[in-house]
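Student: Could you take me through one chain as a whole, going slowly enough that I can follow each cut-off?

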Amino acid sequence: MFKVCNVSDIKENSLNKFTIEKKDILVGKRNGKFFACDNSCPHRGASLHKGVYKENNVVCYMHNYEFDVVTGKLTNMKSWKKSDTWIEQNPAWRESGDLIMYEIEIKQNQVYVKIPPNQ
Amino acid sequence: MTTDYKEKIGELTGIEVIVKNGIDVEKLRKLLLAGVGAEFFTYYYYTILRMHCTGRDGEGIKEIVEDARIEDRNHFEAMVPRLYEIGGALPRDVRQFADLAGCPDAYLPEDWEDVEQILKVLLEAERCAIRSWGEVCDYTTDKDHRTYAIAQAIMQEEIEHEAWFVELLTKRPSGHFRRSYVGQSPHTAGHGGLQHL
């Protein structure tokens, strides 16, 4: 596991980017719970730390794709054009994976993240 | 993608230096492919949008749409050589390229006779492009000077395009006048061998 920062560095409702072993990771805290994932949006690679929270989701600033920060699952893709979704776009373009989640651990007021070697 | 060159001459120094600076080359290839895809297809869709700038209102914006259309094509031309330099490539099938583009398709709106609806599509396309090249700039700054220089030049023009369309939609002054000639690309023209300019 890699030591990332102090617990006090991660404020509630914040999205923080760290670079570990040349990889950009996102560490946040929502509803009192810490989480960590790859900082690249699985849709087109935008930096998720530039996004915002909506309920339990992080919303990517690039195309408003929403991912659950606990499960990593894609939950919504809101379009600027139609209020609900990017439905007007080609299905292949809309396709996205889920977040790549990392195991996170708090020990002695430090935040640790486990990044598998193949990622 | 040819890979056996490494056995003959080793890694390209141009790649070696950016890797040493912390660039994940595969990630950068994906970002650039998304960026040039957005430019290529924006050029395509802007052609349709420009064709539908009709009537007195439409005629008033046609030339500025043309400026943005050709400069977006120039952005594609400026960055594609860099994609190949770092070992990337355009997809063999253009359909796959469309699916990988960094921005949504800028479709002609159903109510295209209302010029404002066309302007909103143009504006969103420019905004997506700014975000897309902003990602490349953020990722490459201080690490990959060559990619940064091209992406930064493209982004400057995209920001100007956004300001044009905002001005047309809202009357907020953009601070700019139109280009001296179509396809001028004042910031990007020195990149990517834009010999047709």
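**A close look at chain B**

Tutor: If we take the contacts in chain B between residues at least 6 apart in sequence, 75% of them join residues at least 24 apart, where a contact is a pair whose C-beta atoms, placed from the backbone, lie within 7 Å. This is a predicted model, in which local features need pLDDT of at least 70 and side-chain atom pairs count only at pLDDT 80 or more, while totals for chains, interfaces and linings use all residues. Residues are numbered from 1 along each chain as its sequence is written, and chains are lettered from A and ligands numbered from 1 in the order in which they are written.

Turning to the elements that these contacts belong with, you will find seven helices and zero strands in chain B (DSSP runs, H or I of at least four residues for helices and E of at least two for strands, numbered from the N terminus), so that, as the DSSP runs are defined, the pattern along the sequence reads α-α-α-α-α-α-α.

As for overall dimensions, the C-alpha atoms of chain B occupy a box of roughly 65 × 35 × 30 Å along the principal axes. The radius of gyration of chain B, taken over C-alpha atoms, is 18 Å, which agrees with the value near 16 Å for a compact globule of 197 residues; that rule is 2.2 Å times the number of residues to the power 0.38.

Burial completes the picture of this helical chain: of the 197 residues in chain B, 40% are buried, meaning that 20 or more other C-beta atoms lie within 10 Å of the residue's own.

Terms used: Buried ≥ 20, exposed ≤ 12 C-beta atoms within 10 Å, placed from the backbone. Contact = placed C-beta atoms within 7 Å.
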